[in-house]
Amino acid sequence: MYNLAVTSMDLADFSTAADLLAEVTAASPEDARAHFALADALIALNDLDAAALSLRRYLRLAPGDEQGAELILASIGKAPVPARASPAFLRDLYRRKAKNWDLVPGYFAHRHVLDAVLRHASPLFLSALDAGCGTGLSGAGFRAMTQHMTGVDVSPDMLERARAKGIYDVLNEDDLLSFLTRHPDQFDLIVSAAALIHFGDLNAVLEAVWLALRPEGTFAFTTYSYDGSDPTAFGASSYRELAKSECFAHGSAYLADLSKTCGFEICEVSEIIHEQSSTQKIPGFVAVLRKKNGVEGP
Ligand SMILES: C[S@@+](CC[C@H](N)C(=O)[O-])C[C@H]1O[C@@H](n2cnc3c(N)ncnc32)[C@H](O)[C@@H]1O
């Protein structure tokens with residue numbers, strides 16, 4: 001019956017899917033997967049109270065939240081926005097994505113970061129950090145203009161592929177926030193393509209980047225856009241597939257205000273197409289910030 005429900009979902013017959021999944025969960029109340037799928041169907045039917053109930057049942061049965069239910073609850077307004085995706089969730093997500101990451105068509109974040117850095121800073125960079133380096137797509141672009149390049153990522157599977165390319169001088173398996181905090185005054189360039197999409201409030205990250213940069217150092221990163229909801233805020237991505245992958249989106253005014261508060265000069269916050277599929281273009285921002293000389297940090 002579960003498979004029939006999945007087929008109904010694929011055919012966009014959400015009502016049949018919800019009926020079938022309600023039967024599955026009644027017969028097997030411990031089936032976490034069915035509760036999650038039922039929530040999916042109920043969201044498509046805009047029955048958000050019932051969807052929230054199913055997501056909470058799922059979370060009780062699967063507290064590791066491999067499906068990203070917490071952020072979906074936030075995206076339908078039924079729970080506060082969590083601070084960030086959990087490292088355990090990210091390791092699992094990118095274990096599944098690592099194999100085909102370099103083949104994903106329509107993914108542009110790393111190219112936007114490279115182009116944006118070159119609009120505001122001049123190579124040669126002495127010491128660069130790729131925060132959330134993944135398989136090394138950004139690293140490949142910056143390698144020729146960087147003397148010493150470090151990568152950090154929480155996913156061992158993404159790192160394994162980066163390591164095989166031999167791009168980085170050093171690769172670290174670590175959470176980027178704690179890595180930055182432990183490396184003050186170390187880098188003249190920090191880039192982060194599509195990694196801060198997994199953080200909600202960016203305050204702690206920007207503070208840590210400020211500390212890790214040398215004076216006049218440059219920070220370039222991308223986020224998904226929240227401007228359609230509120231340019232001054234951040235929240236769960238309104239794209240359901242992205243919210244399921246624990247992706248957040250950030251408003252342009254939020255990015256600009258926070259950057260100034262954290263002691264950065266804003267070189268650029270520009271709209272981009274972060275990625276696109278055959279059916280949709282996902283909007284985002286590329287930001288380039290500079291650590292101002294002689295300005296007090298956060
Ligand atoms: C969307 S992929 C982008 C990878 C790479 N920057 C690129 O452009 O191809 C996001 C990467 O950020 C990593 N990541 C996300 N949050 C992280 C964190 N808190 N600490 C370290 N790595 C993180 C993920 O493991 C993943 O490899």
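**Exercise 1. Determine which residues the UniProt annotation "repeat: TPR" covers, and describe the chain there.**

Step 1. The annotation, from an unreviewed entry, covers residues 32-65; UniProt positions follow the numbering used here, feature names are shortened, and annotations may be inferred rather than shown by experiment. Residues are numbered from 1 along each chain as its sequence is written. The model is predicted, so that local features need pLDDT of at least 70 and side-chain atom pairs count only at pLDDT 80 or more, while totals for chains, interfaces and linings use all residues, and side-chain values use heavy atoms, with hydrogens and water left out.

Step 2. Over residues 32-65 the chain is 79% helix and 0% strand, with the end C-alpha atoms 10 Å apart; helices (H or I, at least four residues) and strands (E, at least two) are DSSP runs, numbered from the N terminus.

Step 3. Asparagine 46 belongs to the loop that joins α3 (32-44) and α4 (48-61), and its phi is near 65 degrees, a positive value in a residue other than glycine.

**Exercise 2. Locate the cis peptide bond that involves leucine 124.**

Step 1. The bond runs from proline 123 to leucine 124, with omega near 15 degrees.

Step 2. Leucine 124 is found in the loop between α7 (109-120) and β1 (125-131).

Step 3. For residues 129-219, UniProt lists "domain: Methyltransferase type" in an unreviewed entry; over these residues the chain is 35% helix and 31% strand, and the end C-alpha atoms lie 10 Å apart.

**Exercise 3. Describe the surroundings of the ligand, beginning with the residues that come nearest.**

Step 1. Of the 22 residues around the ligand (a heavy atom within 4 Å), Tyr107, Gly132, Asp153, Asp175 and Leu176 come nearest.

Step 2. The shell divides into 13 nonpolar, five polar and four charged residues, where Ala, Val, Leu, Ile, Met, Phe, Trp, Tyr, Cys and Pro count as nonpolar, Asp, Glu, Lys and Arg as charged, and the others, Gly among them, as polar.

Step 3. An N or O atom in the side chain of aspartate 153 is 2.6 Å from an oxygen atom of the ligand, whereas for aspartate 175 such a side-chain atom is 2.7 Å from a nitrogen atom of the ligand. A polar side-chain atom of tryptophan 101 lies 2.9 Å from a ligand oxygen atom.

Methods. Polar contact = N/O pair within 3.5 Å; in protein donor to acceptor, adjacent residues only side chain to side chain.
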